[in-house]
Amino acid sequence: MLKTAEKILLIYTQIDKSMKKLTLLVLICTALLSTAKAQTKEKGFFAEASAAYSNTEFDDHYAIITPAIGYQFSSKWSAGMKMGFEMRTYGYTIYSPFIRFNFLQAGELKLFTEAQANILSRDVEGGQSGYGEAGVSFGAIYPISNRLKLVGHYLFVGVSGEEGREGASVNKGDFTLDANVRRLQFGLQFIF
């Protein structure tokens, strides 16, 4: 019985030494991470890349890839230009200048609204087609380091010249509230 207690005490002292090292390592990493977040860059040029998935009534499943460049003027305001690419046959290319306003901050999480003018065009058999939109979308941004942030977008409220809108949208003439899954985008932003 004494040998068992001695073995347990020996194991405990060995674990204790390695736990001290592990605890010190965790504390150092936590301190570095909190310092990095405390020094989150709030001004400068940025590059952003987002992706979305769409599923239409015509059983057309495709991805939407949206790179963007812009400038962060302050912790609240930024502006830039996006180009979206629908990865399907006869997919639209979407040109979108935008202005973003961070209207609410809860800890590190910032909620924003984004005013945008979208010009959509595509080549189809026999010519081109396209339409325009102007309105706002909503989203959130969360820093994961001092220069890298997670970004999410959803919803579109505004006017749209899109013909035959489908799915989760409410329409009154050209006015639309579009909550389709293609409006849900996730991505990363890197500020220089």
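Strands here are DSSP runs of E at least two residues long, numbered from the N terminus. The model you're looking at is predicted.

**Exercise 1.** Work out how strand β9 is paired, and find the residue with a positive phi in the hairpin of β8 and β9.

*Solution.* Start with β8 (residues 169-172): four bridges tie it to β9, and the two run antiparallel. One pair to look up is lysine 172, whose bridge partner in β9 is phenylalanine 175. Next, the turn: two residues sit between the strands of this hairpin, and glycine 173 takes a positive phi near 65°. Now look for another partner of β9: strand β7 (residues 148-160) pairs with β9 in the antiparallel sense, over four bridges. There, valine 157 stands opposite leucine 177.

**Exercise 2.** Sort the side chains of β9 (residues 175-178) by face.

*Solution.* Recall the rule: in a regular strand, side chains alternate between the two faces of the sheet. In β9, Thr176 and Asp178 point to one face and are buried. Phe175 and Leu177 point to the other and are not buried.

**Exercise 3.** Is threonine 66 buried or exposed, and what does it touch?

*Solution.* First place it: threonine 66 lies in strand β2 (residues 61-72). Its relative accessible area is 7%. Buried means under 20%, so threonine 66 counts as buried. Leaving out residues up to four places away in sequence, threonine 66 touches Glu48, Ala49, Ser50, Lys82, Met83, Gly84 and Gln185.

**Exercise 4.** How many bridges join β5 to β6?

*Solution.* Follow β5 alongside β6 (residues 127-143): they pair antiparallel over 15 bridges. As a spot check, glutamine 116 has glycine 135 in β6 as its bridge partner.

Conventions
Residues numbered from 1 in each chain as written. Predicted model: local features only at pLDDT ≥ 70, side-chain atom pairs only at ≥ 80, totals over all residues. Heavy atoms only, no water. Pairing = 2+ DSSP bridges. Buried < 20%, exposed > 50% of the residue type's maximum accessible area, 1.4 Å probe, protein only. Contact = heavy atoms within 4.5 Å.
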